[in-house]
Amino acid sequence: MEGFIKLSTLLIVCMLVSAPMAEAAISCGAVASNLGQCINYLTRGGFVPRGCCSGVQRLHSMARTTRDRQQACRCIQGAARALGSRLNPGRAARLPGACRVRISYPISARTNCNK
């Protein structure tokens, strides 16, 4: 039940963030659905679930344009704010590598999504 509440919160935040940016190809709902299985790892640790990595890889392949990547970044940052202090920044930063996805920017709350 707690996981459902977290995922619901994440989806709501993503929808609110995505409303003014409807022209981007990636929605915050898509980001949330692809990363939903990562929440327990990002907040509690342990092993990265296979479904989490599948979602990371799908999201990476969806984000083809700069606009897509910027939108995904904003959605991720909104979700990170919603998780607050429960989110482990180190695990978030290591997630792409753990899932064997190479990205050219750091996963961090300080990442400038406009660049």
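Here is a short chat about the predicted model above, from its confidence to helix H6 and Asp68.

Student: Hi! What should I know before I start?
Tutor: The model is predicted, so local features need pLDDT of at least 70, side-chain atom pairs count only at pLDDT 80 or more, and totals for chains, interfaces and linings use all residues. Residues are numbered from 1 along each chain as its sequence is written, and side-chain values use heavy atoms, with hydrogens and water left out.

Student: What is the mean pLDDT of the protein?
Tutor: The mean is 83, where pLDDT is the predictor's confidence in each residue, from 0 to 100. Helix H1 (residues 2-18) has the lowest mean among the elements, 52, and H4 the highest, 96.

Student: Okay, which residues of H6 are buried?
Tutor: In H6 (residues 89-98), they are Arg91, Ala92, Leu95 and Pro96; buried means under 20% relative accessible area, exposed over 50%, with a 1.4 Å probe and protein chains only. Helices are DSSP runs of H or I, at least four residues, numbered from the N terminus.

Student: What do those buried residues pack against?
Tutor: Helix H3 (39-44) and helix H4 (50-62), with contact meaning heavy atoms within 4.5 Å. On the other side of H6, Arg94 and Gly97 are exposed.

Student: New topic: is Asp68 buried or exposed?
Tutor: Asp68 is buried yet has no salt bridge, that is, no side-chain nitrogen of Lys or Arg within 4 Å of a carboxyl oxygen of Asp or Glu. Leaving aside neighbours within four places in sequence, Asp68 is in contact with Ala25, Ile26, Met62 and Ala63.

Notes
Helices (H or I, at least four residues) and strands (E, at least two) are DSSP runs, numbered from the N terminus. Lys and Arg count as positive and Asp and Glu as negative; His and the chain ends are not counted.
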